[in-house]
Amino acid sequence: MNCIPANVPGVRRAAVVVIGGGQSGLACSHYLSRFGVDHVVLERGEVAQAWRSQRWDSLRLLTPNWMSELPGWAYRGAVPDGFMMAREVAGFIQGFAAHCAAPVEERTEVLRVEAAAAGYRVCTDRGDWLCYSVIVASGAFGSAHVPALAAALPAAIRQLTTADYRNPAQLDPGGVLVVGAGASGVQVADELCRAGRRVTLAVGEHVRMPRSYRGRDIQYWMQRCGLLDETWEAVDDPQRVRRLPSPQLAGTPARRDFDLNALAEAGVEIVGRLAGIDGATAQFSGALPNVAKLADLKLQRLLQRIDEWIADHGCEAGEIERPPSTAVPADSRLAVNLAGGEFRTVIWATGYRPDYSWLQLPVLDAKGMPQHCGGVGALPGVYFMGLPFMRRRKSSFICGAGDDARDIVHQVLAHLGRPVENLMLA
């Protein structure tokens, strides 16, 4: 491999530049350090910045604390079956950064990544770097996605995303329309309803999942039966799986369910997907019964797979008790007048999108999403980390960062011309 030019004034050099100081970037740093690869981790804020600044006050991990582990680092608190708050997660990741002595440069914003003579040039607000390889670990949740129809909302309606939302006291008095029924949407809808707000939840495609099943956390069974380790190569349509919303889970101390039945029982009004806005009228899809039926069907398949694994392995488990089917309200509204004063706020829980506008390389598709095969980018030496189902179903979990980082660093070593046949990347 050609050497990076040494005569560029004011430019620093490293074999690898890792962009992003969350769990994914730090896990890559751990393995790069282990094999003596010169590298730097660039973080626009502080380590675990998203956990510090883009979460609402009551948010907890969706996975039990015992699942929180990174290479050589695991949860050591007193509540392994509990769920860490966002600030605790940030502290956990900060502890890992210190443990592995990651070479992190905080408060360094990447402005542009472009091709250079012998690799890549990473331009930041604190100077440039030349490198052979770039690992983009800035994550898939750069900014909250707001659909185009939001522009048609009446001006009197206040709009927030789940990245803006902090607590019920933040909102104006009056009803709230929450759009989206993934993990974020159901949690925010439930919190607002329990705070005494009138809440309507607009539901599209969703993934229903109980918090507990047969005496264990659902994630325990997902891990034990190998579902979380299922690879992207093992599914028929990985792109579709990657687009699925996060499951309707929350990490509450009471281990409550957050499916549509539980929300309706708490007082949340359930309507179909927000299909359009005509003047001041919000129009909801009439396909809610079919959407709910599909989610129920997928849930039953998941639980059946778990039951079969338990039976095959003679594993100790509680009695089989399947959740009831979703009770779709027969009088679900298809339209509401947004100018009538019923709603004062709309909260968009419609997912997140990464922002790779600074990545000036032909590695993105027409929608600005990474073109990759298991995190290996479309250009030699360019890799991605932290994407949903990037290599495994657990890729976006804290516990998935280590395995993915090990695989990606293996690819990086090959790109750098390092022998990889006998490397044990434990």
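A search of the whole structure finds 27 salt bridges, each being a side-chain nitrogen of Lys or Arg within 4 Å of a carboxyl oxygen of Asp or Glu. This is a predicted model, in which local features need pLDDT of at least 70, side-chain atom pairs count only at pLDDT 80 or more, and totals for chains, interfaces and linings use all residues. Residues are numbered from 1 along each chain as its sequence is written, and side-chain values use heavy atoms, with hydrogens and water left out.

**Exercise 1.** Find the salt-bridge partner of aspartate 229 and place both residues.

Step 1. The partner is lysine 394, with the closest N and O atoms 2.8 Å apart.
Step 2. Aspartate 229 lies in the loop between helix H5 (218–224) and helix H6 (238–243), and lysine 394 in the loop between strand E25 (382–384) and helix H9 (398–415); the two are 165 residues apart. Helices (H or I, at least four residues) and strands (E, at least two) are DSSP runs, numbered from the N terminus.
Step 3. Lysine 394 is buried, at 10% relative accessible area, whereas aspartate 229 is partly exposed, at 36%. Buried means under 20%, exposed over 50%, partly exposed in between (1.4 Å probe, protein chains only).

**Exercise 2.** Repeat this for aspartate 407.

Step 1. Aspartate 407 forms a salt bridge with arginine 392, the closest N and O atoms lying 2.8 Å apart.
Step 2. Aspartate 407 is in helix H9 and arginine 392 in the loop between E25 and H9, 15 residues apart.
Step 3. Both residues are buried.

**Exercise 3.** Which residues are linked with Asp229 and Asp407 in a network of salt bridges?

Solution. The other members are Arg391, Arg392, Lys394, Asp403, Asp404 and Arg406.
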